[in-house]
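Here are a few exercises to help you find your way around a new structure. Try each task by eye, then read on for the worked solution.

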Amino acid sequence: MVPRIVIERLECYSRCGVTEEERRTPQLIAIDVELEAAVDAAGLSDRLDETIDYARVAERLVALSGSLTCRLLETLAEQLVGMLFAEFPVDRVQLWIRKLHAPLAMVAGSVGVRVDRTRTAQQAGPSPAPFLTQQLGRLPKGRVLDVAAGRGRHALHLLSHGMEVEAIDRDTLALTALKEAAEERHLSSLTTRVVDLEKKPDHPPDLGRECYDAIVVFFYLHRPLFPVLVDALKPNGILIYETFSIENYFRHQHPRRWEFCLAQNELLRLTAPLRVLHYDEGEHDGGHGSGPCYTARLVAQKAGPDLPR
Amino acid sequence: MSRIDLHLHTTHSDGSFSTRDVMAFAKQAGVTALAITDHDIVEGIAEATAIGAELGIEVVPGVEISSRLGESELHILGYFLNWTDPLLAQRLSTLRDSRHTRNPKIVQRLNELGIPITYEQVRALAGTESVGRPHIARLLMEKKFVTSAKEAFDRYLANGRPAFVDRELPEPAEAVRWIREAGGVPVLAHPTWVRTSADGLRTLVRDLKAAGLGGIEVHYSTHTPSQTTEYLELAKQCDLLVTGGSDFHGVTKPDIEVGIGRGQLKVSEKLLDPLRKAATSN
């Protein structure tokens with residue numbers, strides 16, 4: 001039998017709720033978690049470093065719950081599940097998370113959500129940045145370029161919404177993993193291409209002229225690339241962009257080099273030939289599963305025949 | 001021993017970061033005193049002083065004034081000046097306007113050369129930054145007239161190329177005088193950029209000293225150790241103060257960090273008091 005680790009009714013405080021009031025004051029939540037270990041090595045060796053240290057699991061659950069601010073328990077649950085798979089050798093996570101004193105008059109007990117996830121399912125479905133899911137409605141159906149796609153958390157999301165996606169990255173292995181993940185989910189309209197966008201620092205490769213209905217870039221910044229992106233968009237094409245602002249460097253020392261962060265309003269300047277449909281800078285959930293980060297987020301559109309001038 | 005940085009740019013001129021962000025970099029680098037020295041503008045000093053009080057960093061009022069030396073520009077830094085001085089404000093404002101009339105002229109030359117760009121496009125690209133030739137270069141890149149900023153300068157924008165337009169700038173001695181009249185100490189910026197021989201530099205420094213020059217920016221991000229020694233010697237010979245700074249601009253010079261330049265820069269806080277004294281004895 002696969003060994004299980006069960007932690008029952010881990011109580012801690014969290015800032016989670018739809019109303020601002022709920023997010024301002026931490027409230028008591030309970031987490032029940034059942035973990036299936038990946039291997040049975042520890043049962044034979046009796047070594048702590050080969051098993052799952054449940055004290056550490058509890059500690060991490062409490063720390064992450066305490067550090068996040070979110071509207072929905074679902075979001076919190078996803079973050080916790082993501083952390084468990086990332087940090088512990090587990091194959092399956094069952095998590096029940098509930099508010100012990102939910103602000104609902106007729107509820108005497110608790111309210112909460114349950115998540116049951118296997119590692120395979122988790123890896124096939126890494127969550128995209130919430131900004132992409134929020135702005136998805138603005139994307140025209142058609143051909144989308146995912147720049148610096150990595151393992152493709154955004155490409156997969158776009159594919160599952162019926163887009164045709166071309167994912168480019170310099171990491172061959174990441175693109176192979178993306179292709180496999182897409183095949184597993186029977187998403188067929190994906191093409192991948194290995195491109196090193198920074199091979200010649202000041203001369204980014206041509207990405208074609210007016211060939212994409214949309215371009216998405218998440219957590220990547222190479223300033224000389226912007227004219228190329230603008231060129232590659234079709235008239236009326238949409239650019240969705242989100243990456244770290246300098247605030248994140250100051251507060252979280254990430255990315256390691258400040259030039260990978262955007263200065264105030266810089267993304268607006270870099271995309272000046274486009275019409276801005278949405279722009280903000282601030283503390284956002286980047287969908288990394290590691291809590292909020294400071295980013296600049298932009299949706300902008302290339303001029304076209306249908307746009308009023 | 002802690003470090004200082006007396007040469008920094010913000011979005012008030014051609015830097016890419018706000019005053020607050022530049023000062024956060026300074027804090028992180030362990031800088032205890034700094035001067036924001038934006039090109040031909042002192043408007044950011046009030047904000048910098050307030051942020052300095054918050055972060056525990058001394059803010060030296062500063063400016064970097066553009067002047068004309070023959071075919072090229074020469075920059076004069078000013079420290080501890082009375083930045084609210086109305087005469088200084090008016091002089092700097094006129095100087096900034098010369099930049100504004102220059103850029104439309106450059107665009108006009110480019111149009112005459114058959115390159116259809118507009119000044120509005122350049123302004124849109126610059127956003128909140130003050131418009132400069134780098135923005136025109138970027139527009140030429142975006143419009144595919146050139147493939148790099150360097151090519152834009154080499155083919156069109158540099159001195160001697162068909163779209164080059166001169167700015168009306170003061171003589172170096174005049175810039176020195178402006179700073180003196182505002183109660184500040186004028187300092188020759190980054191001597192490495194002065195295109196002349198060692199003898200030419202010595203003559204220039206002596207002439208400017210006669211006009212009121214108070215110091216030389218000996219310590220600078222791109223000065224080699226032998227240059228630093230040379231300029232240090234020159235300052236000693238001419239009885240001038242020694243200053244130093246990174247010339248941080250942000251993303252346009254990504255290899256330069258506040259306080260530490262390319263990693264080797266360290267400007268001692270001991271340089272600050274002589275500078276302060278020189279200003280009060282004005």
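## Exercise 1: A hairpin in chain B

In chain B, β3(B) and β4(B) form a hairpin with 2 residues between them, and Gly70(B) in the turn has a positive phi of about 60 degrees. Keep in mind that this is a predicted model.

**Task.** Work out in which sense β3(B) pairs with β4(B), and over how many bridges.

**Solution.**
- Start with the two strands: β3(B) covers residues 58-69, and β4(B) covers residues 72-79.
- Next, check the directions: the two strands pair in the antiparallel sense, over 8 bridges.
- To see one pair of facing residues, look at Ser66(B), which stands opposite His75(B) in β4(B).

## Exercise 2: The other neighbour of β3(B)

**Task.** Find the sense in which β2(B) and β3(B) pair, then place both strands in their sheet.

**Solution.**
- Strand β2(B), residues 31-36, pairs with β3(B) in the parallel sense over 4 bridges.
- Two facing pairs let you check this by eye: Leu34(B) stands opposite Val59(B), and Ile36(B) stands opposite Pro61(B).
- Now zoom out: the open sheet has 8 strands in the order β7-β6-β5-β4-β3-β2-β1-β8 of chain B, with mixed pairing.
- At its edges sit β7(B), residues 241-245, and β8(B), residues 267-268, and each of these pairs on one side only.

## Exercise 3: Two helices that cross

**Task.** Describe how α1(B) and α2(B) meet: at what angle do they cross, and which residues make the contact?

**Solution.**
- Locate the helices first: α1(B) is residues 19-28 and α2(B) is residues 45-55.
- Their axes come within 10 Å and cross at roughly 35 degrees, and the crossing is right-handed.
- From α1(B), the contact uses Thr19(B), Arg20(B), Met23(B) and Lys27(B). From α2(B) come Glu47(B), Ala48(B), Ile51(B), Gly52(B) and Leu55(B).
- Sort them by class and you get 4 nonpolar, 2 polar and 3 charged residues.
- The helix α2(B) also ties back to Exercise 2: it lies across β2(B) and β3(B), running at about 150 degrees to β3(B).

## Exercise 4: The sheet of chain A

**Task.** Trace the order of the strands in the open sheet of chain A and name its edge strands.

**Solution.**
- The sheet has 7 strands in the order β8-β7-β6-β9-β10-β12-β11, with mixed pairing.
- Its edge strands are β8(A), residues 190-194, and β11(A), residues 275-285.
- From one strand to the next, the twist averages 15 degrees.
- Over by β8(A), helix α8(A), residues 172-184, lies across β7(A) and β8(A) and runs at about 170 degrees to β8(A).

## Exercise 5: Strand β10(A) and its neighbours

**Task.** Is β10(A) largely enclosed or largely open? Then describe how it pairs with β9(A) and β12(A).

**Solution.**
- Count the buried residues, those with 20 or more other C-beta atoms within 10 Å. In β10(A), residues 233-244, 9 of the 12 residues are buried, so this strand is largely enclosed by the rest of the structure.
- On the β9(A) side, the pairing is parallel over 6 bridges, with Val217(A) opposite Tyr241(A).
- Together, β9(A), α9(A) and β10(A) make a right-handed β-α-β unit.
- Towards β12(A), 7 bridges join strands that run antiparallel, and Ile240(A) stands opposite Val299(A).

## Exercise 6: A glycine on an edge strand

**Task.** Decide whether Gly282(A) is buried or exposed, and find its partner in β12(A).

**Solution.**
- Gly282(A) lies in strand β11(A), which pairs with β12(A), residues 292-301, in the antiparallel sense over 10 bridges.
- Its partner in β12(A) is Thr295(A), which stands opposite.
- For Tyr294(A), 12 residues along the chain from Gly282(A), the C-alpha separation is 5.3 Å.
- A residue counts as exposed with 12 or fewer other C-beta atoms within 10 Å. Gly282(A) has 11, so it is exposed.

## Exercise 7: Where the chains touch

**Task.** Say how many residues each chain gives to the contact, and which element of chain A gives the largest share.

**Solution.**
- Chain A gives 16 residues and chain B gives 16 residues.
- In chain A, the elements giving two or more residues are α9(A), α10(A) and α11(A).
- The largest share, 3 residues, comes from α11(A).
- By class, chain A's side has 8 nonpolar, 3 polar and 5 charged residues.

Terms used
Residues are numbered from 1 along each chain as its sequence is written. Chains are lettered from A and ligands numbered from 1 in the order in which they are written. This is a predicted model: local features need pLDDT of at least 70, side-chain atom pairs count only at pLDDT 80 or more; totals for chains, interfaces and linings use all residues. Two residues are in contact if their C-beta atoms, placed from the backbone, lie within 7 Å. Ala, Val, Leu, Ile, Met, Phe, Trp, Tyr, Cys and Pro count as nonpolar, Asp, Glu, Lys and Arg as charged, and the others, Gly among them, as polar. Two strands pair if DSSP finds at least two bridges between them. Axes are lines fitted to C-alpha atoms, for helices over the stretch in contact, and angles run from 0 to 180 degrees between N-to-C directions. A crossing is left-handed if the near helix is turned anticlockwise from the far one by less than a right angle, and right-handed if clockwise. A crossover is right-handed if, with the strands pointing away from the viewer, the path from the first strand over the helix to the second runs clockwise.
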